[in-house]
Structure formats: C-alpha cells, structure tokens
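Please open the model in your viewer and keep the selection tool at hand. The tour goes from one group of side chains to another, saying at each stop what to select and what is there.

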Amino acid sequence: MVKAIVVKKILINDEIWQTRAAVLRDNRLQDMYFDTQTKEELERCFFKGKVCKVLPGIQTAFVDINQTKAGFLHISEVDRALATEKVFDSIQEEDREEITHFELKSSISIDKIFNEGEEILVQVIKEPIHEKGAKLTTCFTLPGRFLVLMPNIPQIGVSKKIDNREERSRLREIMQKSLPSGMGVIVRTTAEGRSDKDLKKDVAFLISTWHSIQKKFKKAVPGEKLYEDLPLSLRVVREHLDEDVEMVVTDSKENQKAIYKYVKYISPDNLSKIRFFQGPPSLFDRFEIDKQIEKALDKKVQLRSGGSLIIETTEAMTVIDVNTGKFTGSDNQEDTILKTNLEAAEEIVTQLRLRNIGGLIVIDFIDMATMHNRQKLSRFLEKTLKEKDKFQSVALKVSEFGLVQMTRKRSGKTLVNQLTNVCPCCSGKGHIKSVQTMSFKLLREFKEEFIRENMSGGVVLAVSNKVFDYLVQNEYNAILTQEKELGCKITLESFEQYEDDQFSIRKNS
C-alpha cells in the first residue's frame, strides 16, 4: 500500500509582544500556538515548593510555589512509591513486619504523606484559573522528541497509534536496556521506525535534565523555579519536525539561530529545512494564516461539496451538526448522504485539532438508511482520527439516528478561549476579540504600513480608548523596542470615536 504524501510546514512569527507558531498540512492550518512575552507560563515547570496547608478531608495539600495563589496537590497526583514510603516511615518499627500490603494501601492519607512546612519537588500540570491556584503533581514527566520520561514511575508505555507488534516489542526492548532502575517512559508515535541511536540519545538527554533538576532542588530556596520547558518556537519544532516537514520558516534572525542550534543537536539531517523569511508581505500573510484563524473562530464551516458543519460548544459538551447544503451528488440519495458524511468526518477531525476541542463531543451526521453505510462511516472516522489527530480519542459507533458520541483528550485552552472574550452585550452567547488580540493585530498592521509607505521620523498612532489603555499599561516596552527597530518616534493617541479594530497613522508635526 502506497503511503499518501503529506507536506508540512512550520511557520514561526516572532514579534516583540507575541510569538505565534503555525503548522500547515498541505497548506492548510493544522495547529496554532501562541505565547505572549508578558505572561509567565507555569505548565510543565518544576518548583521547589513548601507545604503550607494539609487538608485530609479533601485529600489535598496546598503548596507555596511563590505565585499569587498556592498550588494544590491532590493525593491522586502523588506518586505511589513516595506515598507508600512516607506512610511506611510513619508506622512504628515494631509494627512494620506485621502490616499487610492492603492495610498499608488503605492507610495512605495526605496528612501521613506531607507535613506543613515540608519542602517538596512539584511540577505544574495545569495553569492557575480565576481564584484557583496551579494544579501540581509529583508524578513527573519530561517530554522529549520521541518519548516522555517518567523519572519516578517505573513503567514503559507505547503509543496506541503504533500498532505493529514487532515494532512495539523492539521499542520496549530498547527502553528496558536504556533506562536506569526506577524510571519509566511513554514512547511517542514519532518513535516508530527510529534507530536505536536516536532513541537512546533522547533518553540520555532527558535523564541528564532530570539529574540537573535534582541537583538544583538541593541548593534552591522554597518557591524557586527549577526548570521550565523550551520556548514556544523550539517546543513546536520538537513536537512536529519529522520527515514530512518541508521547511521550518521564521521571520526572526535570532529565532533562526536558536532553532538551527537546537535542530543541529536533535536532528542534524533537517538543518537544510530551516529558512529565514523577510517580507513584505509578512510571513503569516504570505501563507494566509490570519484568514484561516478567522475561519476557525466561526461556528459555520463550509465543505467543498456545498455542505456545511455547525460547531457549537456548551459548558458540558461540543455539538457538531452536519448539513447537506447544496450538494446533490448522484441520483442515489443514500450515496449523496454517505459522500457528504465522509467529507464531514474528515473535516471534523481537522477542526477538532485546530480548535483544540476536547471533552465530550456529539456529532449529528445526516441519517443513513443502511447499516453498511453507518459502519463504513464509523470505520472511516476512527481511521482519520488515528492518522490525523495527535490526541487520544474514543468514538462510539454511528447510531441509527446518525449520532456519534466521542471523547477527546483535553489540553489547554481552545482556540476560541485563547483569542476571544465572552461578549458582555449578549451574556456569553457570542464572542468578540479580546483587547490584547486587537492590540497585537494593530501593532502588526502599523509596522507593515510604516515599512510599506517608507515612513520615517515621528508618527502619531491613533487607536481606540481600550487599545490605548492596554498598550500604555502592558506593551510600553514593546513600543520602545519597535521605535528602535524602525528608527522612529511613536506617539500614541486615544481616539474616542474609533472601534477597537480601527487605527490611523499620521506624521507628527
């Protein structure tokens, strides 16, 4: 069977105020990532924490990690070996030989594992939300290119997407030989077919990182950050660089050097794929990324055949409705419906990944009369999810009413939540772009117009009241740096009549 040729591109737009990374698959936007310079990312970071409160009633310890709110560590996120060891130590020496495994397990409680004032190593697994502090764990993970190291969990797991038995056995065998006692890994899909040398190099790098975290813990003060993941541009390269990637393009010379240095270490064969892009037009305009992002924020998605999807997310689930639209197809109505449903299934997988939709999902396909066609649609949806979606999902069979219930792993915020705020005018029934998003958009457009019109000297940038307040309060340093880069003096002006997406430039007399 001939493997379909897939062409991928990684595009990284680096501005003073924000870094954006896009992954294209056959020139269509597949993944989108954002990182602002003013916000500190805590997820995946390691801290030397100090237990400030232990609540056995909810089996949770609150840990000070030098943030606004203490992080919370539930007993389910405490690794079993640590919990058992702490409880065993709390039992009097003369009683240790007589206690059974069941009694030991049933006696595990958060107040027997941690004491107030104790210093512990923790990792953030979920960012703080509203009044809640960061969610913490002691079941540590360190992601690499081909695997995820679990330094204190001695288990070896292989991605379910690697279905060849011989390959799964080979990967397990390599890991068993490469891992020190007490450590484990999750072998990622990208490890399939990789050489022993590549896999062992990844293991060695992650073990070295873990040892450096342990050394820092001994010398650090409580609340100190010990390790943070790679910056966004390198993280995207780590996650997506493979043989299907045609090019890695960035519009920043500094970023290009950092990526080159990183790729030289992890995959020197791919060095020739790293490119620098110099506009105009801007990198994202050249590949129409912003237009594709705009479409990904819409409820309605047009299908090539003339049909459409309606995607709506509620508090409990995401509901996707498939409509035939103008598609009439062949004379056979059942064939027409099947073709529309198959096209819709492929597009749904694309949209779930791009919009980063997780949790419970219900898809309302167009009703099909025959069981054979419903089975065909189920198999196609499962196959497409396996081939095109990196996150784990479970889809039930198509019901006689055309409904499919499925779950998809949650990971971070959805695209809509990242780029929009709930509209105060309609009580949350719609969305408007956030002031931050509009401000960044206007800064990009101002920069492009300034260069295009070959402007110089002092200029006045007039914006709405909200955008003016945001820029002055949050991006003042970015504007100063922009002035140095463009060789000009920027004067901000608040204009009450302007909407948030409006701006104007004029010479400063």
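Begin by selecting Lys253 and Phe276: the charged end of Lys253 sits over the ring of Phe276, at 4.5 Å from the ring's centre. Bear in mind from this first stop that the model is a predicted one. Then select Lys201 together with Tyr265, where the charged end of the lysine again sits over a ring, here 4.7 Å from the centre of Tyr265.

**Aromatic pairs**

Turn next to contacts between rings, of which a search of the whole structure finds nine aromatic pairs. Select Phe46 and Tyr227, whose rings form an edge-to-face pair with 5.8 Å from centre to centre and 70 degrees between the planes; the pair counts as edge-to-face because that angle is over 60 degrees. If you colour by secondary structure, you will find Phe46 in strand S4, residues 46–55, and Tyr227 in strand S13, residues 225–227, so that this pair links parts of the chain that are distant, 181 residues apart. Is Phe46 buried or exposed? Its relative accessibility is 0%, and Phe46 therefore counts as buried.

Keep these two residues selected and add Phe140 and Trp210, since ring pairs link Phe46, Phe140, Trp210 and Tyr227 into a cluster.

Now move to helix H13, residues 435–452, and select Phe446 and Phe450, which both lie in this helix, four residues apart, or about one turn. What is the arrangement of the aromatic pair that Phe446 and Phe450 form? The pair is tilted, with the centres 5.9 Å apart and 50 degrees between the planes, an angle that is neither under 30 degrees, as stacking would need, nor over 60. Both partners are buried, Phe446 with a relative accessible area of 1% and Phe450 with one of 3%.

**Salt bridges**

The remaining stops concern charged side chains, for which a search of the whole structure finds 29 salt bridges. Select Glu294 and Lys433, which form a salt bridge whose closest N and O atoms are 2.1 Å apart. Glu294 belongs to helix H9, residues 289–296, and Lys433 to strand S23, residues 431–433, and the pair links distant parts of the chain, 139 residues apart. Glu294 is partly exposed, its relative accessible area being 35%, and Lys433 likewise counts as partly exposed, at 25% relative accessibility.

Select Glu243 and Arg194 next, a salt bridge in which the closest N and O atoms are 3.3 Å apart. This pair, too, links distant parts of the chain: Glu243 is in the loop between helix H6 (232–240) and strand S14 (245–250), while Arg194, 49 residues apart from it, is in the loop between strand S12 (184–187) and helix H5 (196–219). With the surface switched on, compare the two ends of this bridge: Glu243 counts as exposed at 56% relative accessibility, whereas Arg194 is buried, with a relative accessible area of 19%, because the cut-off for buried is under 20%.

For the last stop, select Glu41 and Arg44, whose side chains meet in a salt bridge with an N to O distance of 3.8 Å. Glu41 counts as partly exposed at 25% relative accessibility, and Arg44 counts as partly exposed at 24%. Finally, extend the selection to Glu43, Arg188, Asp229, Arg235, Arg238 and Glu239, which are joined with Glu41 and Arg44 into one network by salt bridges that share partners.

Terms used
Residues numbered from 1 in each chain as written. Predicted model: local features only at pLDDT ≥ 70, side-chain atom pairs only at ≥ 80, totals over all residues. Heavy atoms only, no water. Phe/Tyr/Trp six-rings, centres within 6.5 Å; stacked < 30°, edge-to-face > 60°. Helix = DSSP H or I, 4+ residues; strand = E, 2+ residues; numbered from the N terminus. Buried < 20%, exposed > 50% of the residue type's maximum accessible area, 1.4 Å probe, protein only. Lys NZ or Arg CZ within 6 Å of the ring centre and 35° of its normal. Salt bridge = Lys/Arg side-chain N within 4 Å of Asp/Glu carboxyl O.
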